[in-house]
Amino acid sequence: MSMTGITVADECVETFTNLKVKKVGRYVLFHIVDNAMVKVKAVGDRSATFEQFVGALSRDEPCYAAYDFEYEEGGTQKAKLILLTWIPETSKPRNKMMYAGTVGALKAKIEGGLVEMQATDVSEFTKELVMM
């Protein structure tokens, strides 16, 4: 349980594990439902591009997102599993606090091998920044 009292549904762990281990989907969006529980909002197709993933992020509502980022660098295939805390500036203050205070509970449940990022605008989450 988080500082906010919000819990993480078991479906989040299962869906994240499928993304990480079985490569089911390209990304998973998580959201807080009824101010009580983090649940899976959407799973992006494995063929989804980075641009499609960014397009799936609401410009007004926060969410968490796990993204399986695969890229080539210097002729070598690389991959990073990103956990993005997406809290747009236009979000309601209560939602901003709720998402900021609950991310620890989600990280504790899904565990392991993640590159954590935070963004409030799409300019803060670009391919170039992810590859750094």
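**Exercise 1. Decide whether strand β4 is enclosed or open, and find its partners.**

Solution.
Step 1. Count the buried residues of β4 in this predicted model. Eight of the 11 residues are buried, so β4 is largely enclosed by the rest of the structure.
Step 2. Look for the pairing with β2. β2 and β4 run antiparallel, joined over four bridges. L29 has A65 of β4 as its bridge partner.
Step 3. Turn to β5. β4 and β5 also pair in the antiparallel sense, here over 11 bridges. A66 stands opposite L83 of β5.
Step 4. Inspect the connection. β4 and β5 make a hairpin with two residues between them. In the turn, G74 has a positive phi of about 60°.

**Exercise 2. Trace the salt bridges of D68 and say which parts of the chain they join.**

Solution.
Step 1. Start from the total. The whole structure holds nine salt bridges.
Step 2. Take K23. K23 bridges to D68, with the closest N and O atoms 3.0 Å apart. K23 sits in the loop between α1 and β2, and D68 sits in strand β4, so the pair ties together parts 45 residues apart in sequence.
Step 3. Compare exposure. D68 is buried, at 3% relative accessible area. K23 is partly exposed, at 36%.
Step 4. Take R46. The side chains of R46 and D68 form a salt bridge at 2.8 Å, N to O. This pair links distant parts of the chain: R46 is in the loop between β3 and α2, 22 residues from D68 in β4. R46 has 23% relative accessibility and counts as partly exposed.
Step 5. Widen the view. K23, R26, R46, D68 and E70 are linked in a network of salt bridges.

**Exercise 3. Describe the salt bridge between K96 and E89, and classify the exposure of each residue.**

Solution.
Step 1. Read the distance. The side chains of K96 and E89 meet at 3.8 Å, N to O. The cut-off for a salt bridge is 4 Å, so the pair counts.
Step 2. Classify each residue. K96 is partly exposed, at 26% relative accessibility. E89 is exposed, at 54% relative accessible area.

**Exercise 4. Check the length of helix α3, then locate its kink and its buried residues.**

Solution.
Step 1. Work out the expected span. α3 has 18 residues, 93-110, and at 1.5 Å a residue should span 26 Å.
Step 2. Compare. The end C-alpha atoms are 26 Å apart, which agrees.
Step 3. Find the bend. α3 kinks by about 35°, centred on T102.
Step 4. List the buried residues. T102 is one of them, and N95, M98, Y99, G101, V103, A105, L106 and I110 are the others.
Step 5. Look just past the helix. E111 takes a positive phi of about 45° there.

**Exercise 5. Map the nonpolar cores and find which element supplies the largest share of the largest one.**

Solution.
Step 1. Recall the background. Nonpolar side chains tend to be buried together in soluble globular proteins.
Step 2. Pick out the best-connected members. The largest core has 22 residues, and C12, F30, I32, V38, Y64 and L106 touch the most other members.
Step 3. Assign the sources. α1, β2, β3, β4, β5 and α3 each give at least two residues to this core. The largest share, six residues, comes from α3.
Step 4. Zoom in on I32. Beyond its neighbours within four places in sequence, I32 contacts I6, M37, V38, Y64, M98, Y99 and T102.
Step 5. Check for another core. A second, separate core has 19 residues, including F53, A65, Y71 and L84.

Technical notes. Residues numbered from 1 in each chain as written. Predicted model: local features only at pLDDT ≥ 70, side-chain atom pairs only at ≥ 80, totals over all residues. Heavy atoms only, no water. Expected span 1.5 Å × (residues − 1). Bend = angle between axes of the 7 residues up to and from the residue. Buried < 20%, exposed > 50% of the residue type's maximum accessible area, 1.4 Å probe, protein only. Core = buried A, V, L, I, M, F, W, Y, C linked by side-chain atoms within 4.5 Å. Contact = heavy atoms within 4.5 Å. Pairing = 2+ DSSP bridges.
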